[in-house]
Amino acid sequence: MWCRAISRTTPRPFPPRCSSSGGGDSTQDHLPENPTRTEKIEYVIYVAQNQLGKPYVYAANGPSSYDCTGFTKYCFKQIGVNLQRTALNQGYDETYTKISSISDLRRGDLVYLNTVADADLSDHAGIYLGAGYFIHASSGQHKVVISTL
């Protein structure tokens, strides 16, 4: 399950900028006045990358520790996007564009994964970096990490 929290304003999305390690490094270290969609996405990713290695703590909202949706909520809040608090609520929020295929994912899209055998499909959240990588607060690795989808 995937969704786009920032609508695409141009028909052709910008290409992912990924390092050879798949990190998708962003150098957008500030948000300019009247930022473009690309600048917003790059800033979200810059904020996210600056959380790498911070501990995973269930129900934590940052900035010193996070759970998966505390992490996504914190990162997107920096550009004025207010996400809901749980993976279930974020993943099923009809406010945002749903993406039906993994091939349609674009840098900065939110990704939701089914990690628990239950009725819903949204148990874990992260931010797509491009080239098959996403950044997330991992309960299994006990910190914010970059992983492959």
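**Exercise 1. Find how strand 4 is paired and how far it is covered.**

Strand 3 (110-113) and strand 4 (124-130) pair in the antiparallel sense, with 4 bridges between them. The model in which this pairing is seen is a predicted one. Working from this pairing, describe the surroundings of strand 4.

*Solution.*

Step 1. Begin on the side of strand 3, where leucine 110 has as its bridge partner isoleucine 127, a residue of strand 4.

Step 2. Turn next to strand 5 (133-138), which runs antiparallel to strand 4 and is joined to it by 3 bridges. On this side tyrosine 128 stands opposite phenylalanine 134, which belongs to strand 5.

Step 3. Look at the hairpin that strand 4 and strand 5 form, which has 2 residues between the strands; here alanine 131 takes a positive phi near 55°.

Step 4. Finally, ask how much of the strand is covered: 7 of the 7 residues of strand 4 are buried, so the strand is largely enclosed by the rest of the structure.

**Exercise 2. Decide whether histidine 124 is buried or exposed, and list what surrounds it.**

*Solution.*

Step 1. Place the residue in its element: histidine 124 belongs to strand 4.

Step 2. Compare its accessible area with the cut-off, which counts a residue as buried when its relative accessible area is under 20%. Histidine 124 has a value of 11%, and therefore it is buried.

Step 3. Collect the contacts, leaving aside neighbours within four places in sequence; among those of histidine 124 are Cys68, Ala87, Val111, Tyr112, Phe134 and His136.

Step 4. Pick out the polar contact, in which the side chains of histidine 124 and histidine 136 are joined at 2.8 Å.

**Exercise 3. Determine which residues of helix 2 (68-77) are buried and what covers them.**

*Solution.*

Step 1. Count first: 7 of the 10 residues of helix 2 are buried, and the helix is thus mostly covered.

Step 2. Name the buried residues, which are Cys68, Thr69, Gly70, Phe71, Thr72, Cys75 and Phe76.

Step 3. Recall a general point about this kind of element: an α-helix has 3.6 residues a turn, so residues three or four places apart point the same way.

Step 4. Identify the cover, which includes helix 1 (37-49) and helix 3 as well as strand 3, strand 4, strand 5 and strand 6 (143-148).

**Exercise 4. Describe the largest pocket by its volume, its lining and the elements that contribute to it.**

*Solution.*

Step 1. Start with the volume, since the largest pocket holds about 200 Å³ of space.

Step 2. Go on to the lining, which is made up of 13 residues, with Tyr58, Asp67, Thr69, Thr86 and Ala87 lying nearest the centre of the pocket. Two or more residues of this lining come from each of helix 2 and helix 3 (87-91).

Step 3. Sort the lining by character, which gives 5 nonpolar, 5 polar and 3 charged residues.

**Exercise 5. Set these parts within the whole chain.**

*Solution.*

Step 1. Count the elements, which come to 3 helices and 6 strands, and read them in order from the N terminus as β-α-α-α-β-β-β-β-β.

Step 2. Consider the chain as a whole: of its 149 residues, 45% are buried.

Step 3. Consider a loop residue, serine 26, which sits between strand 1 (2-4) and helix 1 and is buried, with a relative accessible area of 7%. Serine 26 lies 18 residues from valine 44 in sequence, while in space their C-alpha atoms are 8.9 Å apart.

How values were computed
Residues are numbered from 1 along each chain as its sequence is written. This is a predicted model: local features need pLDDT of at least 70, side-chain atom pairs count only at pLDDT 80 or more; totals for chains, interfaces and linings use all residues. Side-chain values use heavy atoms; hydrogens and water are left out. On a 1 Å grid over the protein atoms alone, a cavity is a set of points where a 1.4 Å probe fits but cannot get out, and a pocket is an open set with protein on both sides within 12 Å along at least five of seven lines; lining residues have an atom within 4 Å of a point. Grid points are joined across faces, edges and corners, and a volume is the space filled by probe spheres set on the points. Ala, Val, Leu, Ile, Met, Phe, Trp, Tyr, Cys and Pro count as nonpolar, Asp, Glu, Lys and Arg as charged, and the others, Gly among them, as polar. Buried means under 20% relative accessible area, exposed over 50%, partly exposed in between (1.4 Å probe, protein chains only). Contact means heavy atoms within 4.5 Å. Two strands pair if DSSP finds at least two bridges between them. A polar contact is a pair of N or O atoms within 3.5 Å; within protein, one must be able to donate a hydrogen and the other to accept it, and residues adjacent in sequence count only if both atoms are side-chain atoms.
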